[in-house]
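Visitor: I would like to test some labels against their cut-offs. Can you take me through the reasoning?

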Amino acid sequence: MRIRLYEKLIVWKRAHELCVSIYQVTKSFPAEEKFGLTNQMRRSGYSVPTNIAEGNGRRSKKEKIHFIDIAVGSLEELHYQCTLSYDLSYISADQKDALHSQINGVGYLLYKLRNSFL
């Protein structure tokens with residue numbers, strides 16, 4: 001099986017790990033959040049590695065930067081959603097801190113990737 005170029009990127013690997021973490025954490029959310037916060041966090045979570053992958057497949061620097069910017073936006077949404085989840089007592093302080101740490105790490109790598117195209 002052929003490995004896609006984006007799969008070699010550290011930022012994609014970390015974003016994928018974050019996505020998996022989000023899926024694991026949201027498993028324990030209340031049933032009434034299935035179509036609310038659970039769904040939204042998962043969508044934000046998978047949007048980050050998805051947009052990294054899509055941007056990696058684009059030819060122009062402008063297009064690559066565009067998809068990185070979308071990934072950054074999804075990451076910011078996810079940061080707030082984790083804060084909200086904590087405030088609603090859906091996740092613990094340790095879980096929130098761990099997720100925020102992952103988010104910050106991916107954000108830093110996205111920033112570096114974006115700057116490499118300028």
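Guide: What follows is a short round of questions and answers on a predicted model.

Visitor: What makes S89 exposed?
Guide: S89 has a relative accessible area of 61%. Exposed means over 50%, so S89 earns the label.

Visitor: Where is S89 found?
Guide: S89 sits in the loop between helix 3 (61-87) and helix 4 (93-116).

Visitor: What is the phi of S89?
Guide: The phi is positive, about 65 degrees, although S89 is not a glycine. Most residues other than glycine have a negative phi.

Visitor: Why is V20 called partly exposed?
Guide: The relative accessible area of V20 is 34%. Partly exposed lies between the 20% and 50% cut-offs, so the label fits V20. V20 belongs to helix 1 (residues 10-26).

Visitor: How far apart are V20 and N51?
Guide: They are 31 residues apart in sequence. In space they are 16 Å apart, C-alpha to C-alpha.

Visitor: How many disulfides does the structure hold?
Guide: Zero. C19 is in no disulfide, and its nearest cysteine sulfur, that of C82, is 12 Å away.

Visitor: How do you know that C82 is too far for a bond?
Guide: A disulfide needs two cysteine sulfur atoms within 2.5 Å. The sulfur of C82 is 12 Å from the closest cysteine sulfur, in C19, so it is too far for a bond.

Visitor: Why are C19 and C82 called buried?
Guide: Buried means under 20% relative accessible area. C19 has 9%, so C19 is buried. C82 has 0%, so C82 is buried.

Notes:
Residues are numbered from 1 along each chain as its sequence is written. This is a predicted model: local features need pLDDT of at least 70, side-chain atom pairs count only at pLDDT 80 or more; totals for chains, interfaces and linings use all residues. Side-chain values use heavy atoms; hydrogens and water are left out. Helices (H or I, at least four residues) and strands (E, at least two) are DSSP runs, numbered from the N terminus. Buried means under 20% relative accessible area, exposed over 50%, partly exposed in between (1.4 Å probe, protein chains only).
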